[in-house]
Amino acid sequence: MEITRRGFLTLSGALGSGVALSSLGVNLGPAKAYAAEINKMQRVMTAKQVTTVCCYCSVGCGLICSVDKNTGKVFNIEGDPEHPINEGSLCAKGAGLFDLTEANKYRLRKVLYRAPMSDRWEEKNWDWALERIARLVKDTRDKGFVSKNAKGELVNRCETIGHLGSSNVDNEECWLMSVACRSMGLIYIDHQARV
Amino acid sequence: MTNHYIDLKNSDVILIMGSNAAEHHPIAFKWILRAKEQNGARLIHVDPRYTRTSARCDYHVPLRSGTDIAFLGGMIHYILGNDKWFKDYVLNYTNASFIVSPDFYFKDGLFSGYDAKTRKYSKDTWVFEKDGKGIPMRDMTLTHPRCVFQLMKKHYSRYTMEKVSSITGVSKEDLTKVYAEYSATGVKDKAGTECYALGWTHHTTGSQIIRTMSIVQLLLGNMGICGGGVNALRGEPNVQGSTDHCILYGNLPGYLKMPVASQDTLAKYIEKCTPKSSDPQSANYYQNYPKFFVSFLKSMFHDKVNQENGFGYSWLPKMDDGAAYSLMHLFDEMYKGKIKGLFAVGTDPSVSSPNTTKVRKALENLDWLVGENIFDNETYCFWKGPGVDPAKVKTEVFLLPASASMEKEGSQSNSGRWVQWKYKAAEAPDDAIPVGEITIKILDAVRALYAKEGGACPEPILNLKWDYKDLKGRFDVLKVAKQINGHFLRDTVIEDKAKGTKTEFKKGQLVPTFGMLADDGSTAGGNWIMAGSFDAAGTNKMAKRGKDDPTGLGLYPNWSYAWPVNRRIIYNRASCDINGKPYNPKRKLLEWTGETWVGDVPDGPWPPQADKQKGKYPFIMKQDGLGALFGPGMAEGPFPEHYEPLEGPLSKNPLSGQLINPAIKIFNSDLDKVANADAKFPYVCTTYSCTEHWCSGALTRWQAWLLEAMPELYVEIGDQLAKEKGIQNGERIRVSSVRGNVECVAMVTKRFRPFLIEGKTVHQVGLPFNYGWLHPKDGGDSTNFLTPTVGDANTFCPEYKAFMVNVTKI
């Protein structure tokens, strides 16, 4: 059966019947689950749909985030049936992508700071942290900056600061990191592409 | 990937080696299974362990970890000895006929030019003889004793069935079966492909394993064709993009080379990095290197740099000649106390880097650490880790909350080079912001200090173009994407002499293709390979969602953007004969009509190579235009050679007097212990992941659904070894190497079988690498307590896949 996602939602909504949903492979079970499913379907139908790409392996599966128009929160994420690679399917990790949203209680929400010799994190604000980080970066860089190497060649580099980047951020973010590191003269630059 | 995920369906024989695709790339595996369903493709799995991939393949062939080159070298020997190579392709599209320098030799495991003191090669003799015009000399009969073909034949004649079987532990019957089945694709109308993953890269010989397969693919005519290629199933969502943008010590965005100290002027650097070819049929596309590099410098510094100040070249940091600055070098220096500050963005090296003891000790030497992530991890709170007294750790640590993937707009590149645009679905919680915005804000603050106080070499910091915020002061991702694409810095007219057209571009307009980048400072381009991700009118091609598939081969040319220039299969001109007619008309990727190419975006517009005037060879990024069966690119030799892992069960390499890769760096701190062929650590060990966790588990361990499915560390042991050791399934045991140990659950299976190596029984065991002490509390700690600090000689990718351990009851 050739059916688009929107068509599927319209069809199941219009029929309003558990039989139709069951025939499409959804096990509705008890009446409570049925009601919850219909409620979710209605939320999905009225939601803003935003496409994204999975953040685990490199296959690049497409997903659709359903965003509640009232709260602005993502409440459901599922495979994008229009996507030519995954055609709506996902692996266990991708299918659980919702658990990376702010619904996950372990998400970091505040700037945290650990002072020397301290045994705990403390909350800070962005301005304080940025000012302190910049001070440390500048002092470390100025102190350890190498203009010329042992052979007397001009090298303009900072050997005392390392930068480990990430394969789990977007291209534009990678490029900014790459350029920022070079402007500061860093050479110990690496990330998971090697690991 | 040379090809892309959907293209796997076009294959006739799929060799999965160095990958457990069914569990780690389940959606990619769907296309592998489709090849079986639609073409009756044969699926072969070669791997130390029987996995769910093996279960879905036609058969599984177990081999000892770290012996892939021996296995594939035997395949080359088989292909040449049994005349299975694709003659038309090998003659015309590879350097098989080139004559190698008379000074080149190979003796007892070492190639000419080796210096044992520096563990490095001089590559002076790894070159070709040239004629009066400077063009490599060729013998099209392939009989000259010094032609590449004959040298290769001689080199791999040592890889006999007996020898390969004894090294790898694969039976001669299994070897013959795989070799015969795979080499049957060396004909016009069959395609064979190879899928690998970390199972190949995580070795001291990783790059050369991949190169051995590339040689196999060239010999069989499987490069550049539908259903062919050498395909890395990479492990991170944007690892292709992060590599393309080179957050790596040795390269600048677009794989431009990081300058070294002896290249003290722009002219010297350009001279060294720009290859030359005297052969008019070689496109030698890298002759355009200066355009890509100068445009990159202009993207960094814009109007602050020009011809007079060398486009700011002197401001770039320079590496020492021959030096490397990888993750392992970083932690080695940090352990010595030389590194004072560290940024760790979206990464957890305290779990993921080799030799965990050394890494965690090294972190204690830092003055400061800046973490950016969506969850806490073992690296950011190393100061309260097992056995660490926080009161003795001086490090100031900042942990900055980042937006998750669906909370920000931007592009990600998959392994098939598809650069896909994604949109922001929701705001990040509380104070979390995108990593891009954090990078901008930190450097803004640093720039403000330098503007106020001055300091060491302030020019590159203060002159950097750094205006990537919108009016609200937030990260403007489209501004960055367009800067990466590149734009004209002045009104420009581009003349296409071949087409007889002139096109005008205004200052500020986007560059529609990298062919229009210039070396005179008139264009800025942040990453040349991404030029064309927008068109000149500013349309974002990465966001395209067109589903048309005109070739029927699954190329989907209007879905997202594939670099370079939306080419879906690279080296695609090699899918046609020298007259531009497809070798396999049933899978017509490309065809020359007599005037133009139709199908995929060709590797350059030139006619096929039979046209001696205007035609070009197909491998346009190679200096000589041809597939390199022999070449100077690698650190350890022009032909791949089998060496044992740094730590293995043998005290002698059965193939030569050279036990380990002669070109790898040996780290020698007090924590870098090695126990080769040591009775105390008798079992080969490997590491891997599982479907439910991702990498160090730093994201997935915080998710209840996934954690419930895979809750804790285990070691998989074959039932024969378990019986020998009296270990029961489910029992908690200790796995130890000379560097450290972990305690975990024993999982006794029939999936690991002992190997017969050099007449002796060798057992292998394996552990996942997804766990760390922080969360869950009882899930076990890092598997990398076991692994050595050692890496591939070219890439410094650590050897996580082959080392020696013992297993003991607690």
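**Reading a predicted model**

Student: Which residue follows α19(B), and what is the sign of its phi?

Tutor: B:G486 follows α19(B). Its phi is positive, near 100 degrees. Keep in mind that this is a predicted model.

Student: Which residues of α19(B) are buried?

Tutor: The helix covers residues 477-485 of chain B. B:V477, B:V480, B:A481, B:Q483, B:I484 and B:N485 are buried. Each is therefore under 20% relative accessible area.

Student: What covers the buried residues of α19(B)?

Tutor: The cover includes α6 (171-183) of chain A. From chain B it includes α13, β15 (410-413), β16 (418-422) and β17 (487-488).

Student: Why is B:F128 called buried?

Tutor: Set the value against the cut-off. B:F128 has 16% relative accessibility. Buried means under 20%. So B:F128 counts as buried.

Student: Where is B:F128, and with which residues is it in contact?

Tutor: B:F128 is in the loop between β7 (120-121) and α6 (148-156) of chain B. Leaving aside neighbours within four places in sequence, its contacts include B:F98, B:V100, B:P136, B:D624 and B:F630.

Student: What makes α5(A) oblique to α17(B)?

Tutor: The angle does. Helix α5 (residues 126-144) of chain A and helix α17 (residues 435-453) of chain B pack at about 60 degrees. Their axes are 9 Å apart. Angles under 35 degrees count as roughly parallel, over 145 as roughly antiparallel, and 65 to 115 as roughly perpendicular. The rest are oblique. The angle of about 60 degrees is in none of those ranges, so α5(A) is oblique to α17(B).

Student: Which residues make that contact, and how many fall in each class?

Tutor: On α5(A), they include A:W126, A:L130, A:I133 and A:R141. On α17(B), they include B:I438, B:I442, B:L449 and B:E453. By class, the contact of α5(A) with α17(B) has 11 nonpolar, no polar and 6 charged residues. α5(A) passes α17(B) in a right-handed crossing.

Student: Why is α12(B) called oblique to α13(B)?

Tutor: Apply the test again. Helix α12 (residues 266-273) and helix α13 (residues 289-301), both of chain B, pack at about 135 degrees, with axes 10 Å apart. Roughly perpendicular ends at 115, and roughly antiparallel means over 145. About 135 degrees falls between those limits, so α12(B) is oblique to α13(B).

Student: How do you know which class the residues in the contact of α12(B) with α13(B) belong to?

Tutor: Look at the names. α12(B) gives B:L266, B:Y269, B:I270 and B:C273. α13(B) gives B:Y289, B:P290, B:F293 and B:L297. Leu, Tyr, Ile, Cys, Pro and Phe count as nonpolar. The contact therefore has 8 nonpolar, no polar and no charged residues.

Student: Which residues have the most contacts inside the largest nonpolar core?

Tutor: B:F293 and B:L400 do, in a core of 180 residues. α17(B) gives the most to this core, with 9 residues. A second, separate core of 70 residues includes B:L63, B:F111, B:V178 and B:L218. In soluble globular proteins, nonpolar side chains tend to be buried together.

Student: With which residues is B:L400 in contact?

Tutor: Neighbours within four places in sequence are left aside. Among the contacts of B:L400 are A:V111, A:W126, A:A129 and A:I133 in chain A, and B:V370, B:I438 and B:I442 in chain B.

Student: How many helices and strands does chain A have?

Tutor: Chain A has 6 helices and 8 strands. Of its 195 residues, 57% count as buried.

Definitions and conventions: Residues are numbered from 1 along each chain as its sequence is written. Chains are lettered from A and ligands numbered from 1 in the order in which they are written. This is a predicted model: local features need pLDDT of at least 70, side-chain atom pairs count only at pLDDT 80 or more; totals for chains, interfaces and linings use all residues. Side-chain values use heavy atoms; hydrogens and water are left out. Axes are lines fitted to C-alpha atoms, for helices over the stretch in contact, and angles run from 0 to 180 degrees between N-to-C directions. Helices (H or I, at least four residues) and strands (E, at least two) are DSSP runs, numbered from the N terminus. A crossing is left-handed if the near helix is turned anticlockwise from the far one by less than a right angle, and right-handed if clockwise. Contact means heavy atoms within 4.5 Å. A nonpolar core is a set of buried Ala, Val, Leu, Ile, Met, Phe, Trp, Tyr and Cys residues joined through side-chain atoms within 4.5 Å. Buried means under 20% relative accessible area, exposed over 50%, partly exposed in between (1.4 Å probe, protein chains only).
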